[in-house]
Amino acid sequence: MKKKALILLCIGLCLILCGSILASVFNGGAGAVKVSRISFEAANGTLSGLLYMPKGADANNPRPTVVVTHGYLNSAEMQDANAIELSRRGYVVLALDQYDHGHSDLNNAVYEPFAAFGPFLQAWAPFWVNSMHDAVAYMYEQPYVLKDANGNGIIGVTGHSMGGFSSTMALATDEQEAAATGIRKIYCGLTEGSDFSYTGIFGIDVTVADSLGGGRTMGKVAAQYDEFFFNNPAETGVLQQTESAQANTWYNTSDGGKRIIYEPAQTHPWNHFSKNTTAYAIEFYTEAFKDYNTDIKDIAPTNQLWQWKELFECVALVGFVFLILGLASLLIELPFFNKAKTELKPLPSITGTSSKIGTFALLLCLILIPGVFFTPLMDAGAGSSMVNILMYAGCAFAVAGVIGIIYSLINKENRKALLTGSICMTVAGCALALVAHYPMYETGTFWSALGINSIAYWTIACALISLLAMSVVYVVSKADKGVTFRNYGVTFKPVAILVSLLVAVVTFVVAYAVLFLMDWIFKADFRIWTFAFKTFDFNIVPTILRYLPTFLLYYAVSTAAITINTNTEKLQGVKGYLLAIALNAGGAILWLILQYGTLFTTGVAAHPESALSGIVLVAMVPTLSIAAIISRNLYKKTGNIWTPAFLNALLMTTMAIANTMVAFK
């Protein structure tokens, strides 16, 4: 066992090292660009980002510059494609972490003027209103950034989604400031996946934005299947300066500017993971900066390297999972750490047609329920009709549990098993009713990771639904067959629990130390698209700890469900892992198939009110799948749920918080 664990650990380290090295090569344009992480004090806090410096760019040879930034809940790495491709052609590029995202922090005083908007908007609005403007102000002062003879900056701004709104605000603010200073810092701008619906809150609607265009070259990427915007141009003002506007065609405006609107057949998050949209950005800046492209390489827009960087970071991600499994498996074989191990005997295989049909029906329900209640829990919340169904169901089963407790006290047969199951049913039912009735995760200084609150609510509800289902099944069909907590992988030995926690903590610390090392040396993290294990600043640790109990409950219950449903003689191989993944992520996968299948076939998603939730769920699929693999692998080696539950909670909570917006730090 030690040898297998050591081999898995070594394979993981090799994949991480090779993936990170090769990702670094392509991130730097195959040697054409130096990439460094920078941090600087700005007008409203501390901003950070990845600075892409082409070879030859310096104070003696300043270049046209582009500041690119991400959308809500993301970080600078979401602009890899634009940053890599523009910089390898010779532009200086800053891939920006907006305030309260990644490694950037907003000054807490900035929140106060937004208090009148309510708790959510107070936390949400300040970051994008200020981020791009402040980043441009910093870049304008750098000697390697080109200026024209009159001191105007030759700087472009590009942002996706909320980054697009931030870019729009920066363009408008820059024109207003230029009226007083005579200096324009921003020369041009391309927004992706954003209209004027949110900037309009602060007075920058389509009409105002046009009036403040100042003859600039500006463009938009307006995806045909965007989940949020561009569905009704009359309402959202998608076409900025619509004079003679045609998709993918340049046109002139009355103020002397130029405009273009690109309309790829994409979804909203597809914009920043697209060869076509990246080519549009290259074409846009080639045209916008055409009077300043002396040192810019003539590389065809379709000639792109960023996909290789993403591929090799995905290789490193696979290595990261191998590292975690190998390290945890090795630790539990060592003296003292082996106290995390307890005995777990496989359940006998199910026999009889009726039993198999019943088991299949139960598993199907467990897979479907998270998907069925996804939209009600994520978007409608407590008090909605579907969530009220959960509340009433919780109350009903709690009453049934009380009846079961009374029955077990007067019935000598299987008394202990029935009493235990009935107590679990009562507790799970009461907890589900309470959670369904009470909006637990209200935005504020305590629950300050805004994008995690709805996920946490869905997660804890799913955990309680699963716990209730397991309790009911136990009372109805398993208590009389001698099934115990041990068959679910649940042991209450204090030593085993504490050592399991220690194994999880050591594994987590070592794994993240490797991640931080790869980021420091190679500026590489472990990701695929919007799913990523990335570095973080330690000021978000208190936030991680606040959300940790919620996710620990979920992963403890989900690991117990995986254990009882895959711990049979016929599910000892790949089939067991596939069922584990289905139990964790099957409902999410089916929901996404319905959501996007409907969107692509009809033009309107199955749940249009869940646009943001659906995008978040895309990253939840690999999260839940990896967690299922860890749960299945480690419960088989430890004989209990505790090591995988603790480890998944630490890994996935940290990963989620590090990848989202955290306010009020």
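## A space inside

What is the volume of the second largest cavity? In this predicted model, that cavity comes out at about 70 Å³. Its lining is made of 13 residues, and those closest to the centre are His101, Gly102, Ile540, Ala658 and Thr660. Sort the lining by residue type and you get 5 nonpolar, 5 polar and 3 charged.

That cavity has company: the structure holds 7 cavities of 30 Å³ or more. How do you look for such spaces? Rolling a probe the size of a water molecule over the atoms shows where empty space is left.

## Strand E2 and its partners

Let's turn to strand E2, which covers residues 45-54. Buried means under 20% relative accessible area, and 10 of the 10 residues in E2 are buried, so this strand is largely enclosed by the rest of the structure.

Which strands pair with E2? One is E1 (residues 33-42), which runs antiparallel to E2 and shares 10 bridges with it. The two make a hairpin, with 2 residues between them. If you want a spot to look at, Ser39 has Ser48 of E2 as its bridge partner.

Strand E4 (residues 92-97) is another antiparallel partner of E2, this time over 5 bridges. Ser48 turns up again here, standing opposite Asp97 in E4. Then there is E5, a strand of residues 105-106, which pairs with E2 in the antiparallel sense over 2 bridges. In that pairing, Gly45 has Leu106 of E5 as its bridge partner. A handy thing to keep in mind while you look: in a regular strand the side chains alternate between the two faces of the sheet.

## Two loop residues with positive phi

Now for a pair of loop residues. Ala30 sits in the loop between helix H1 (2-27) and E1. Its phi is near 60°, which is a positive value in a residue other than glycine. Is Ala30 buried or exposed? With a relative accessible area of 52%, Ala30 is exposed, given that the cut-off for exposed is over 50%.

Asp100 also has a positive phi, about 70°, although it is not a glycine. You'll find Asp100 in the loop between E4 and E5. Its relative accessible area is 3%, so Asp100 counts as buried.

## Strand E10 and its neighbours

Strand E10 takes in residues 258-262. Here 4 of the 5 residues are buried, so E10 is largely enclosed by the rest of the structure. E10 runs parallel to strand E8 (residues 217-221), and 5 bridges join the two. One bridge to pick out links Lys220 with Ile261 in E10.

On the antiparallel side of the story is E9, residues 251-252, which pairs with E10 over 2 bridges. Tyr251 has Arg259 of E10 as its bridge partner. E9 and E10 form a hairpin with 5 residues between them, and in the turn Gly256 has a positive phi of about 90°.

## Two helices that bend

Helix H17 runs through residues 611-638, 28 residues in all. From its first C-alpha to its last it reaches 40 Å, close to the 40 Å expected at 1.5 Å a residue. Where does H17 bend? The bend is at Ala619, by about 35°, and a proline, Pro622, follows within four residues. H17 is mostly covered, with 22 of its 28 residues buried. Just after the helix, Gly639 takes a positive phi of about 80°.

Helix H3 (119-140) has 22 residues and reaches 34 Å from first C-alpha to last, close to the 32 Å expected at 1.5 Å a residue. H3 bends by about 35° at Ser131. It is mostly covered too, with 16 of its 22 residues buried. As you trace a helix, remember that an α-helix has 3.6 residues a turn, so residues three or four places apart point the same way.

## Two more places to visit

Past H3, in the loop between that helix and strand E6 (155-160), you'll come across Asn150. At 61% relative accessibility, Asn150 counts as exposed. The C-alpha atoms of Asn150 and Ala281 are 27 Å apart, while the two residues are 131 residues apart along the chain.

Val208 belongs to helix H5 (residues 206-211). It is partly exposed, with a relative accessible area of 26%. Val208 and Ala172 are 36 residues apart in sequence, and 8.2 Å separates them in space, C-alpha to C-alpha.

Methods: Residues numbered from 1 in each chain as written. Heavy atoms only, no water. 1 Å grid on protein atoms, 1.4 Å probe; cavity = no way out; pocket = protein on both sides within 12 Å on 5 of 7 lines; lining within 4 Å. Points joined across faces, edges and corners; volume = space filled by probe spheres on them. Nonpolar A, V, L, I, M, F, W, Y, C, P; charged D, E, K, R; others polar. Expected span 1.5 Å × (residues − 1). Bend = angle between axes of the 7 residues up to and from the residue. Buried < 20%, exposed > 50% of the residue type's maximum accessible area, 1.4 Å probe, protein only. Pairing = 2+ DSSP bridges.
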